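I opened a fresh page for this chain. My plan was to look at helix packing, then at the chain as a whole.

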Amino acid sequence: YSASHDLKSPMVSLLGYLEYLRLDHGHALGPEGNHYLDRMADSTLYMQQLIHDLIDLSRVGRGGAEPVEVDLGRLVRVIAEDAGAAYPDAELRVGRLPVLTGDPVGFRQLFTNLLDNAVRHGGRADLVVVVEGHECPDGGVELSVRDNGRGIPAEHRERVFGVFERLEGPSTSAGTGMGLAICRKIVEVLGGGIGIQGDPGTDVRIVLPAAVAPRWPAQELTAGAAR
């Protein structure tokens, strides 16, 4: 955390000086020189995002906040509405989800990453994403975020949870490769596990222990599209 935090300041300075260079001397550099400046700025912004994601990863489980009840249904519907606005052709359905005890920021980060991954890397504009959960025999809960997209080959399903890991190809050219690593750490802090299934498509399964005190709503939420 300390190393990542200390790297933020040089990145901000570098971006600032690149902009000064463009404003004061861009005319002298010409089209080719300005193209190089653009490439430098893009690389610096990417490094800045890497640092931001490293800080997020280091913060998981260190907040010290008291656990509170989190209505996952309400939370995921809000996240799905935001994702639907960014990807209007996708259909996001929120099924029955429990109320859990934990860190609301962590749960928001978990499902934001999972839904963003689904709509960004699904490989089709008319993607359908379904989020739902059910009880486990031991009193815990299993949550699922599944889609009907291109899926992840079985040999890569564990690797994508590593830090900076991204699958090759144009569908995964964006992002830093930290999202699923952050998701795994959030789930493990709760004492649970996370893995990927699905064929075709991708089905991310999260199993959480009874310690999260799942409480199920009396009535199932109506699945619907978020746009």
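Which hand does the crossing of α2 and α3 have, left-handed or right-handed? I looked it up: the crossing of α2 and α3 is right-handed. I note at once that I am working on a predicted model.

**Entry: α2 against α3**

I took the geometry next. Helix α2 covers residues 72-86, and its axis comes within 10 Å of that of α3. The two axes cross at roughly 45°. I therefore log α2 as oblique to α3, because angles from 35 to 65 degrees fall outside the parallel and perpendicular ranges.

Then I listed who touches whom. From α2 I have Leu72, Leu75, Val76, Val78, Ile79 and Ala80. They meet Phe107, Arg108, Phe111, Thr112 and Leu115 in α3. I sorted this contact by class and got nine nonpolar residues, one polar and one charged.

**Entry: α3 against α4**

I moved to the other partner of α3. Helix α3 spans residues 104-121 and helix α4 spans residues 179-189. Their axes come within 9 Å. I read a crossing angle of roughly 145°. The crossing of α3 and α4 is left-handed.

On the α3 side I wrote down Gly106, Gln109, Leu110, Asn113, Leu114 and Asn117. On the α4 side I wrote down Gly179, Leu180, Ile182, Cys183, Ile186 and Val187. By class, I count seven nonpolar and five polar residues in the contact of α3 with α4, and no charged ones.

**Entry: α4 itself**

Which residues of α4 are buried? I found Leu180, Ala181, Ile182, Cys183, Arg184, Ile186 and Val187. I marked Arg184 in that list, since it is a charged residue by class and is buried here. I also checked what follows the helix. Gly191, just after α4, has a positive phi of about 85°.

**Entry: the whole chain**

I zoomed out last. How many helices and strands does the chain have? I get four helices and seven strands. Reading from the N terminus, I noted the order α-β-α-β-β-α-β-β-α-β-β.

Burial came next. The chain has 227 residues, and 41% of them count as buried. I computed an exposed area of about 12500 Å² for the chain. Carbon and sulfur atoms supply 54% of that area.

I closed with contact range. Among contacts with a separation of 6 or more, 69% join residues 24 or more positions apart.

Methods. Residues numbered from 1 in each chain as written. Predicted model: local features only at pLDDT ≥ 70, side-chain atom pairs only at ≥ 80, totals over all residues. Heavy atoms only, no water. Axes fitted to C-alpha atoms, helices over the stretch in contact; angles between N-to-C directions. Helix = DSSP H or I, 4+ residues; strand = E, 2+ residues; numbered from the N terminus. Left-handed = near helix turned anticlockwise from the far one by under 90°. Contact = heavy atoms within 4.5 Å. Buried < 20%, exposed > 50% of the residue type's maximum accessible area, 1.4 Å probe, protein only. Areas by Shrake-Rupley, 256 points an atom, 1.4 Å probe, with all protein chains shown as cover. Parallel < 35°, antiparallel > 145°, perpendicular 65-115°, else oblique.
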